[in-house]
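Please look through the structure below before reading on. The paragraphs after it start at one loop and work outward to the rest of the chain.

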Amino acid sequence: VGVRLLSTSTITSSGGAVTINGTGGSNGTNGLSSGVLVLLASTISAGGGGEVHVNGVGGLATGPSNIGVSVGGANCLITSSGGDVFVNGIGGGSATS
């Protein structure tokens, strides 16, 4: 996994832009090499007019779940109080990614 936010993790700014870039690794045949994971009530946010950019590229493993960007679970947020939010994900690995 390139960038992983778990268990109420927070990345935030008080007014500037927030950019997260993650690239999954090459984990053989196990897969599970996501670019960016936001799980378990974690948040990526920008205050004021700050933009949020989240870019993820899944890894080259041949197994499943080489997802570009995955947001899952209750209360996970990618947000801005006044700027635009951009989320770009590219799956990697096999056709099941």
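**A walk through the chain**

S81 sits in the loop between β8 (77–80) and β9 (85–90). The model is a predicted one, and this loop is the place to start. Is S81 buried or exposed? S81 is exposed, because its relative accessible area of 58% is above the 50% cut-off. Not counting residues up to four places away in sequence, S81 touches A46, G47 and G48. With G48 there is also a polar contact: a polar atom of the S81 side chain lies 2.8 Å from the backbone nitrogen of G48. V57 is 24 residues from S81 along the chain, and the C-alpha atoms of the two are separated by 26 Å.

G47 and G48 lead to another loop. Both are in contact with G15, as are G49 and G50, when neighbours of G15 within four places in sequence are left aside. G15 lies in the loop between β2 and β3. At a relative accessible area of 36%, G15 is partly exposed. G82 is 67 residues away from G15 along the chain, and the separation between their C-alpha atoms is 9.1 Å.

Next, the chain as a whole. It has nine strands and zero helices, so that the order of elements from the N terminus on reads β-β-β-β-β-β-β-β-β, as strands are DSSP runs numbered from that end. Along the principal axes, the C-alpha atoms fill a box of roughly 45 × 20 × 15 Å. The radius of gyration is 14 Å, which agrees with the value near 13 Å for a compact globule of 97 residues. Among contacts with a separation of 6 or more, 77% join residues 24 or more positions apart. Buried residues account for 37% of the 97 residues. The chain exposes about 4,800 Å², and 53% of that area comes from carbon and sulfur atoms.

What makes up the largest nonpolar core? The core has 12 residues in all: V3, L5, V18, I20, V36, V38, I44, A46, V52, V54, V69 and C76. Two or more residues of this core come from each of β1 (3–5), β3 (18–23), β4 (36–39), β5 (43–46) and β6 (52–57). Nonpolar side chains tend to be buried together in soluble globular proteins. V38 is one of the core residues. Leaving aside neighbours within four places in sequence, V38 is in contact with L5, I44, S70, V71, G72 and C76. Of these partners, L5, I44 and C76 also belong to the core. A46, which S81 touches, is a core member too.

V18 and I20 bring in β3, a strand with alternating side chains. V18, I20 and G22 point to one face and are buried, whereas T19, N21 and T23 point to the other face and are not buried. β3 pairs with β6 in the parallel sense, over six bridges. Within that pairing, T23 has V57 in β6 as its bridge partner.

T23 and V57 both return in the surroundings of S34, a residue of the loop between β3 and β4. Is S34 buried or exposed? S34 counts as buried, because its relative accessibility is 5% and the cut-off is 20%. Neighbours within four places in sequence aside, the residues in contact with S34 are V1, G2, T23, G24, V57, S65, N66 and I67. With S65 the contact includes a polar one: the S34 side chain reaches the backbone oxygen of S65 at 3.4 Å.

Two loop residues remain, and their backbone angles are the point of interest. Most residues other than glycine have a negative phi. T8, which is not a glycine, has a positive phi of about 65 degrees. T8 is in the loop between β1 and β2 (10–13), and is exposed at a relative accessible area of 55%. L40, likewise not a glycine, has a positive phi of about 55 degrees. The loop that holds L40 runs between β4 and β5. L40 is partly exposed, with a relative accessible area of 47%.

Conventions. Residues numbered from 1 in each chain as written. Predicted model: local features only at pLDDT ≥ 70, side-chain atom pairs only at ≥ 80, totals over all residues. Heavy atoms only, no water. Core = buried A, V, L, I, M, F, W, Y, C linked by side-chain atoms within 4.5 Å. Buried < 20%, exposed > 50% of the residue type's maximum accessible area, 1.4 Å probe, protein only. Helix = DSSP H or I, 4+ residues; strand = E, 2+ residues; numbered from the N terminus. Contact = heavy atoms within 4.5 Å. Polar contact = N/O pair within 3.5 Å; in protein donor to acceptor, adjacent residues only side chain to side chain. Rg over C-alpha atoms; globule rule 2.2 N^0.38 Å. Areas by Shrake-Rupley, 256 points an atom, 1.4 Å probe, with all protein chains shown as cover. Pairing = 2+ DSSP bridges.
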